[in-house]
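Here's a quick briefing to read with the structure open beside you. Take it one topic at a time and find each part as you go.

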Amino acid sequence: MQNTIFKNSIKGKRGVKFPDSGVAEKSLNDIIPENYLRKSDLNLPELTQLEVERYFTNLSHKNFSVDTVFYPLGSCTMKHNPKINEKVAGFEGFTEIHPQQGEEYSQGALELMYELQESLKEITGMDAVSLQPAAGAQGEFAGMLIVKKYFETLGQKRTKVIIPDSAHGTNPASAKMCGFDIVEVKSNSKGQVDTEALKCLLNNDVAAIMMTNPNTLGLFEEEILKISEMAKEHGILLYYDGANLNAIMGITNPKLMGFDIVHINLHKTFSTPHGGGGPGAGPIGVNEKLADYLPVPVIDYDGEKYYFNYELKNSIGKVKAYYGNFGIFIRAYTYILMMGGKGLRKVSEDAVLNANYLKEKLKNHYKLPFDQICMHEFVLSGDIQKAQGVNTLGIAKKLMDYGVHPPTIYFPLIVHEALMIEPTETETKEILDNFINIMENIATEIKEKPEQVLNSPVSTPVSRIDETLAARKPVLKYNL
Ligand SMILES: *Cc1c(COP(=O)(O)O)cnc(C)c1O
C-alpha cells in the first residue's frame with residue numbers, strides 16, 4: 001500500500017524555494033491580532049516537488065475510471081466521454097464569463113442554454129424545459145414540487161405518490177422530501193408494473209405516479225399507455241425518471257408514453273463525466289399545462305436577444321444558484337450536436353444491442369430472473385453462486401482483480417443477489433467478449449474453488465474490508 005503523503009514527509013524538505021525578498025522581516029504578532037494567530041504549527045507534509053508529483057500521479061493511477069477500464073455500472077450509464085466535450089468546455093468564451101455579468105454580455109452562453117433546452121424538448125417530446133436542477137435526484141425533487149404546487153393551484157388535496165417496487169431509491173426520497181406519502185406498487189412476474197395492483201391504488205388522493213421506462217430491470221414497460229390512461233382518469237400526473245433515456249432516444253419519448261414531467265440526467269445520457277459525486281445536471285421537462293410551474297430562470301428568445309425569464313406565473317422558484325451547472329450544459333450540447341438526431345438514435349440502438357448480447361451469453365452461467373429481450377441493461381442474480389459459497393459481493397470484488405469495474409449490485413431490490421449490468425453503446429465487441437470470458441472464469445472458479453474467490457480483491461490497495469464495521473465506526477482520519 002502506498003504511504004500517505006504525511007508518512008513520506010521529512011522535516012525541512014521544500015518543494016519551492018523563494019529568493020530573499022529584500023524587505024525587512026516582521027513578526028506576525030505585529031500585523032495580526034493575537035486571537036487570530038495559530039497557537040501551534042500547521043501539520044503540513046514536507047516534500048520535494050518531484051515527490052509530490054509522483055505521489056499524486058501514482059494515486060491517480062489507482063482510480064477505476066471509464067478512461068481506464070470497462071465500467072458496466074448498471075443505471076449509471078458510464079459511457080465514453082468524448083474529449084471534444086472537454087475541449088469546447090475549455091473555450092475562453094465559456095471559462096472567462098461570470099454569471100453576474102449581465103445578459104447583453106452573455107448572449108453566446110444564453111444561446112447555448114436556449115438551444116440545449118430546445119434539443120431536450122425535441123428528444124423528450126416535452127413542451128418546456130428548465131436546466132436548473134443540478135442532478136437527477138434534484139430534478140425529481142423539482143418535479144415533485146411542481147406536482148405539489150399544481151394541485152395546490154387547483155385547490156385539490158392530494159397526499160400520495162405511487163412508486164414501483166423496482167424504483168431507484170431517489171424516487172421515494174424526493175417525493176417524501178416534498179411531503180408526500182409513498183405508496184408502493186408491486187411488479188408482476190414479467191418484472192413490470194402490475195396494472196391490476198395499480199388499479200386498486202388509484203384514487204383522488206394520488207398526486208403522481210413516478211416511473212422509469214425502461215425500468216431498473218432494463219425492461220420496457222409494455223403497458224405504459226394503459227397506465228397513463230388509468231392515471232389520467234383520476235387526474236394523476238405521471239412522472240418520468242429519465243435516467244434510462246439512453247435506451248430510447250429517437251425511438252420513442254416520454255411524451256408519446258403519456259408522461260407530464262421528465263428529468264434528464266445529462267451526465268448519463270449525454271456523456272458528461274460523472275461519478276465520485278462530481279457535477280451533474282438534471283434538467284426537467286414538462287408538458288404545456290405545467291410550463292409556468294418550472295423553476296426559474298428559463299432561457300427565452302425574443303427574436304433579437306436571449307434573456308433569463310423569471311416571469312413564470314406559478315413557478316416553484318429557484319432550486320439552484322443562477323441557472324444550473326453551465327459547464328455540464330456545454331459538454332452535453334457539444335455531444336448532442338456531434339451525434340445529431342440519427343446519431344442519438346444509433347446510440348440507443350447500439351446500447352440495447354450490446355446489453356442483449358451480454359445477457360444472452362451470460363445467462364449460460366448466471367441466473368437470469370427475467371429472461372426477455374432487454375433494453376440498455378439487464379439484471380442477473382448471483383443465487384447459483386451464492387449456493388456454491390460466494391455471494392454477489394464476492395463476484396463484484398473478484399471482477400476488480402480482473403481489472404473490470406463491478407456492475408451495480410444488490411439493486412434493484414426485487415432481485416436476490418442482483419448484478420445490474422449496463423455495457424453502454426461505446427464498448428467494442430472485443431471488450432464485451434473479454435468481459436464474458438471473465439464472468440465465465442469467475443463462475444467456474446466459484447464452482448470449483450469458492451474459497452479462492454473469497455479473498456478478492458488481492459490486486460487493489462485495500463483488500464476486503466469489514467463493511468459493517470466501516471459503516472458503523474468509520475476511521476476518517478489517517479492516524480499519523
Ligand atoms: C442515477 C439515477 C437517478 C439519480 O440521478 P442522479 O443524477 O445520480 O441524482 C435516479 N433514477 C435512476 C433510475 C438513476 O439511474
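Let's start with two strands: S8 (residues 298-301) and S9 (residues 306-309) run antiparallel and are joined by 4 bridges. Keep in mind that you're looking at a predicted model. After this hairpin come a small sheet, the ligand and one lysine.

**The hairpin of S8 and S9**
- Look for Tyr 301, which stands opposite Tyr 306 in S9.
- Between the two strands of this hairpin there are 4 residues.
- Gly 303 is the one to check in the hairpin, as its phi is positive, near 100°.

**A sheet of 3 strands**
- Some background first: strands in a sheet pair up through backbone hydrogen bonds, and the pairing can be parallel or antiparallel.
- Here you have an open sheet of 3 strands, ordered S10-S12-S11, and its pairing is antiparallel.
- Strand S10 (378-381) and strand S11 (408-409) sit at the edges with a single partner strand each, so each has one side without a neighbour in the sheet.
- S11 and strand S12 (residues 418-421) are joined by 2 bridges and run antiparallel.
- Within that pair, Thr 408 stands opposite Met 420 in S12.

**Around the ligand**
- Which residues surround the ligand? They are Ser 75, Ala 135, Gly 136, Ala 137, Glu 140, His 168, Thr 170, Asp 241, Ala 243, Asn 265, His 267 and Lys 268.
- Sorted by character, this shell has 3 nonpolar, 6 polar and 3 charged residues.
- Helix H5 (136-154) and helix H9 (266-269) each give the shell at least two residues, and the largest share, 3 residues, comes from H5.
- Three side chains have a polar atom to look up next to a ligand oxygen: Ser 75 at 2.6 Å, Lys 268 at 2.8 Å and Asn 265 at 3.0 Å.
- On its own, the ligand has 380 Å² of accessible area, and the protein covers 86% of that.

**Zooming in on Lys 79**
- You'll find Lys 79 in the loop that links helix H1 (49-61) and helix H2 (83-89).
- Is Lys 79 buried or exposed? Lys 79 counts as buried because its relative accessible area is 2%, and the cut-off for buried is under 20%.
- Its side chain makes a polar contact of 2.9 Å with the side chain of Asn 246.
- Leaving out residues up to four places away in sequence, Lys 79 touches several others, including Val 66, Lys 268, Tyr 335 and Glu 425.
- You've met one of these already: Lys 268 touches Lys 79 and is also one of the residues around the ligand.

How values were computed
Residues numbered from 1 in each chain as written. Predicted model: local features only at pLDDT ≥ 70, side-chain atom pairs only at ≥ 80, totals over all residues. Heavy atoms only, no water. Buried < 20%, exposed > 50% of the residue type's maximum accessible area, 1.4 Å probe, protein only. Polar contact = N/O pair within 3.5 Å; in protein donor to acceptor, adjacent residues only side chain to side chain. Contact = heavy atoms within 4.5 Å. Near = heavy atom within 4 Å. Areas by Shrake-Rupley, 256 points an atom, 1.4 Å probe, with all protein chains shown as cover. Nonpolar A, V, L, I, M, F, W, Y, C, P; charged D, E, K, R; others polar. Pairing = 2+ DSSP bridges.
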